[in-house]
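Trainee: Got a minute to go through this one with me? I'd like to start with the overall fold and then look at the contacts.

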Amino acid sequence: ISGQVLDETGLPLPGATVSAGGKATITNTDGKYTLTGLPAGSISVSVKFVGYEVLQQLIPVNGDTKFNASLKPSSTGLNEVVVIGYGTVQKKNLTGAVSTVTSKDFQKGSITTPEQLIAGKVPGISITSNGGSPGSGSVIRVRGGASLSASNDPLIVIDGVPLSNNSISGASNPLSLINPNDIETFTVLKDASATAIYGSRASNGVILITTKKGISGAPKFNFSTQLSAYKVGKKLDVLSPAAFRDYVNTNGSAAQKAMLGTENTDWQDKIYQTSLGTDNNLSVAGTYKTIPFRISGGYLRQVGVLVTDKLQRTTGSITINPKLFDNHLKIDVNLKGALTESRFANQGAIGSAVSFDPTQPVYVKNSFGNYYEWANTSSDGSVIPNPNATRNPIALLAQRSDNSQVKRSYGNAQFDYSMHFLPELHANLNLGYDISNGKGTTYVPANAAQSFAVQGLDNNYQQNISNKVGEFYLNYIKDLKGINSNINVTAGYGYYDFLTKIFYYPSYNANHVVVAGSEPAFAFDKPQTTLISYYGRAIYTFNNKYILAGSVRTDGSSRFAPENRWGVFPSAAFTWRINQENFLKDSKTISDLKLRLSYGVTGQQDGIPYYSYLPTYALSVAAAKYQLGDTFYGMYAPQAYDKSIKWEQTATYNAGMDFGLFDGRVNGSVDVYFKKTKDLLNNIPIPLGSNFSNTITTNVGNIENKGVEFAINGALVKSSNFSWDAGFNFTYNSNKITRLTNVESPTYPGVLTGGISGGTGNTVQINSVGYNTYSYYLYKQVYDATGKPKEGIYEDLNGDNIINEKDLYRFQSAVPKYILGFSTQLSYKKWSLSTVLRANLGNYVYNNVKANIGVTRNLLNPAGFLGNVSTEIFKSGFDNNQYLSDYYVENGSFLRMDNLGLSYNAGKIFGPTSKVGLRLNANCQNVFIVTKYSGLDPEISSGIDNNFYPRPRTFVLGVNLDF
Amino acid sequence: ITADLAYNTPAGYKQVLAKMYGGFALTGNGGPDATVGDVAGIDQGSSDFLRLFWNLQELTTDEAAIVWNDPGLQDFHVMNWTSTNIMIRGLYSRSMYHITACNEFIRESAEAKLSSRNITGSEADNIRHYQAEARFLRAYEYWVLLDLFGNPPFVTENDPIGKFIPSQIKRADLFTYIESELKAIEPLLVDAKQNEYGRADKAAANALLARLYLNAEVYTGQARYTEAITAAQKVISSGYTLNPKYANLFLGDNNVNNPETILALNYDGVNSQTYGGTTYLINAAISAALDPKTFGVPNGGWSGMRATKNLPLLFADYSGATDKRAMFAPGNIEMNDITVYTDGLAVTKFKNITSTGAIPASANGVYASTDFPLFRLAEMYLVYAEAVKRGGTGAEGQAITYLNLLRARAYGNASGNITSYTLNDVLDERGRELYWEGFRRSDLIRYGRFTGDNYLWPWKGGAKAGKGVEAFRVLYPLPSTDIIANPNLVQNAGY
């Protein structure tokens, strides 16, 4: 039989699966297919395509038979299968707050790390990149995070293998070892109904990543290549060489005037470059004999905008998905490997470049490798870098070579066996691993001013990680037709082991001589933690309308003493599919309406030391020995411990509504939630004399998060030539600390946090009871009649006529209150235009750059050198640093166009019968940002802008070939 | 490793003993660049005992003012600190940490523990000495708390580790406790001058007793000057002699050929690195313009603190030409701006060069190897002289002899010798002899000149000419963090 498969608009559907009589094929780019070797007679043909209802039809076959099929889109994708923890459900039956983004909706362009694929796409999750360095990670927060001192990172599960959040030496971000091109879907689990099955690691949300799998049919190749150019958009406003000279000549002493150079150097221009990157991926997917497979390889090379910054990554993946024993045994094997080679630029150059004297040259003949440096001549004639001066930014970059190589391999084999005697019962075994080896070297020549005191560096480091996962569960699904019910029961066991081996080496100077006092006490260290879990879930569906779901997980963690080791994390949910009720069943407008209510308890243990419940002694490093008599002894120090440390617990209440209108052309969801974390793993002051420190991480404190999430997606226009899709999401989250100490005390200010650059130990934020986390905690600036701040004059808020710590006040926070995302795509014939916009509202930023270099003291530096300043000095007129003035906190709300893309689908470039399809695309990323913030970029998760590595504007050209 | 492994051998005991001393000198086990040290809530590099103690004892007085804007630092000189001051919390935390660690060591070196670990004979005897030294170190830290905070929490080896709330001790009771401890351990300690370098002996215990008794009237309202004289005399007659050259007391090789120091905090530019200790006292006292190499810190010079004019003016001639103890860099003696380093004279007393002019090995040309004298003979002479003048039973002639020993060393001859002295002369002599060694605040309090307006110095109370401050500032507040964590504590009056 042969024919063509068309969609609802009459356009051909390539890639649809047609099967009949035990044979199957895939439609070609024209939607055409041929199946041969079928016996004559009546035969059942089925046609499947993702997002469409399955067509099953009995046709008579007699010789060459024509059969054309027209598929109808499945209503709102409600039959789409969504991955949840330990299983899948159809979207219509979901009981939890779950958002899914599939590859067709990913952010496009130059995406180096996977989390950036869904930035701005999902309500309730904020993804803030850590800057513009190639491969740098992001701060990911699901519903604001639930913790204070412990981790706020979500659990990330790839193909059923939970990753550890531990960093990998030599990689700026562990996720940068994962090739985004291998990813098919992201599923974000948000409420407890969805996450509680992950128990003690679920409080900060769970992100499930599914990678691309083998497909049935003949092998299909895909090759994509991208060329990207990166460019820094904006530079910081500092004094021009002329203005600088003018200032020094007017205000400087004779000695300072004599320091002026004769050059005109724009140091920011010197440290940044327009850089290039390329990302190439080749994949083949198909079926070999009866085994579906996918093999892919990727090569990425990205040069940073900061001179000397570079990332090179080679990735490979193999997936096979055979089915054995009459499809009773499904096997999924995923193997992925990555190799990265990085050179990390010395990011200290960013700060040096804004404050280095613009009248000095880059190069000059001297003993520091011929880079101009501020130096002093000793009485004996030796020239020594001024220890307090800014270092030459170019020397910081060029004279430091910081290279790393990281190998990582992860994967799993999952066996799903549906019992021959009882097909409703599945046994599922999942064995996974994640190993990596990171190593690197840092070299600075002996004559470089940056490490002059130790005569250069020649250091190396190495770390091996070996994580293992073993899981087994049984799943029983049964339709109980007699009582109009369906039950779906899962019970399982999990074992997770995380082992890291850290090697210790002495420090060497550039001549490879061991730096005295740096010899390690131990050659290596092997921290290890293990988690054991039992979990179960039952979903009961009555009449396709009412769904009751409950899950429970109990986790045992080696991080806690045996008596506190086990935690129990239950959840319950009720879902009402309102549209199945008679009064809506026939509605033309409302195609889906579902109410979800859930409650559950999750835990969190990440971010605390592995052995903090045990009384231990630690041996000091070689630089911290103590002399008794003539011998230096390594010191054994008793370590603070908390015998009773345990999980922190978050109870989440969630109410949500899913809706679909006009046969699913518009669909969306609304969720409101309330999260209450108790027994926070919180570092608090303890009564002194009761332990071997003045603070300890223990279970004290409560924090609350409440929020609203809303998402709507719609096909605004849908015709054969023109379509317009748009999606919008909105998040409101507000947190409040409700308790911080064992003993309630109204006079306790809270935990100072938010360390800044400038002074020693200055902080600008605080976590206080009754306030948002990371509220600013500063003095209230007093202004004169013209609106100019009065230097060092602050409001006496407590009215005691003294300005001291008691006058610090709390206001605003680094955490945004509202997060908005908007994506849209316009398609006309072969062209399509898309854009993604994101906005954060209500987040405030401490402008540390201004606070540091917005003062004249920085210019005529009393420590014997000149330094450039921000043009800010003309506004504030400050002579000395006023780090603790609220003057430097600014509204960081912004609207950013993340992405603007144009693509052209050339179709069959070698005629309608050829197999070769071509798509071309062009993207611009980080197109513009609208903000009142006066610094370079307000999107900084910590809220402290201190010489942030600028996110470049990126221009991408890409080619995608199918063959 | 677990506690049992650490104490498994006598060598292990020695390494814990090293921590009992090293926890006193260094910031933590991780070295100077670790992110956290023994105590938290403060910049690691400034969390050692000496840097904090020095700041609280010296920056609050006429002897020093600092330029930097670190949180809370400027509050010391202008005397408006509060209970949330980070450095006040830092010192209090350091002392209490040290006490808690000593308690643990005292528990672990109990006789029953030794026999259960099969440690006997001379090895057990050594550990008994270690235990007495841990009790001495604990007594020293309690003296610090007594002097600066008055009424701290009180824990001994009989209290547990974990979730328990220590009780508070009143200042007078704490005085009694320290006195009884020092008397109890005196016979248990190694004889004077017989212990290893860097470890406490009988003389150290008596030196602390002398200091304690001299200030007893401040601590308890009861004068104990005769006991001060007795204790000081015990130390004086233990065989210590003045280092012939005053300047050598503060150099990089002051651990050798130094007959004067009774107990020192030991630093080493390679093996015991820190940004506190004498590294701080040397680097922060000078600027890069003062040729740091001549101070033995070629890559240092932090432009931090310098003296107000009151200190150099204690010397009739502060050039150092007559009284060699006057060690100041030339410059502007007036302090017009407290945040300008060149306003006020730099103090060049501590240096990281040896008596022969060499620079000791240092990992980075910043860390110093100069040891800091906690107790030295000169102080005992001064205790003797002051206690006699304050009515203790002793010989005034002997006191004059002692004072003249110091003055003859300072002048290099008898030209500065005295034949009589007043009580006030002793304070001035202490200023000249012991400046920048952590005594000044206690001395001014004992003489009633710390608060109030009967003695002023530039920027006292925040006014350029100086002005009086509230009397309650003779004690520091208990840190608010501990007031909240420990409901048994009552805050000192005024805070």
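**Chain B, inside and out**

Mentor: Sure. Keep in mind that this is a predicted model. In chain B, residues 24 or more positions apart account for 65% of the contacts with a separation of 6 or more.

Trainee: How compact is chain B for its 495 residues?

Mentor: Chain B has 17 helices and six strands. Its radius of gyration is 22 Å, and the globule rule gives a close value, 23 Å, so chain B is as compact as a globular protein of that length.

Trainee: And what percentage of chain B counts as buried?

Mentor: Picture the C-alpha atoms in a box of roughly 65 × 50 × 45 Å along the principal axes. Of the 495 residues in there, the buried share is 59%.

Trainee: Are α9(B) and α13(B) roughly parallel or roughly antiparallel?

Mentor: Helix α9 (residues 202-214) and helix α13 (residues 377-389) of chain B have axes that come within 10 Å and cross at roughly 30°. Angles under 35 degrees count as roughly parallel. Therefore α9(B) and α13(B) are roughly parallel.

Trainee: Which residues of α13(B) are met by α9(B) there?

Mentor: The crossing is left-handed. From α9(B) come Ala207(B), Ala210(B), Arg211(B) and Leu214(B), and they meet Met380(B), Val383(B), Glu386(B) and Ala387(B).

Trainee: Which element gives the largest share of the side of chain B that touches chain A?

Mentor: Here 86 residues of chain B are in contact with 66 of chain A. Helices α1, α2, α5 and α17 of chain B each supply at least two residues of that side. The largest share, 10 residues, comes from α2(B).

Terms used:
Residues numbered from 1 in each chain as written. Chains lettered and ligands numbered in written order. Predicted model: local features only at pLDDT ≥ 70, side-chain atom pairs only at ≥ 80, totals over all residues. Axes fitted to C-alpha atoms, helices over the stretch in contact; angles between N-to-C directions. Helix = DSSP H or I, 4+ residues; strand = E, 2+ residues; numbered from the N terminus. Parallel < 35°, antiparallel > 145°, perpendicular 65-115°, else oblique. Left-handed = near helix turned anticlockwise from the far one by under 90°. Contact = placed C-beta atoms within 7 Å. Rg over C-alpha atoms; globule rule 2.2 N^0.38 Å. Buried ≥ 20, exposed ≤ 12 C-beta atoms within 10 Å, placed from the backbone.
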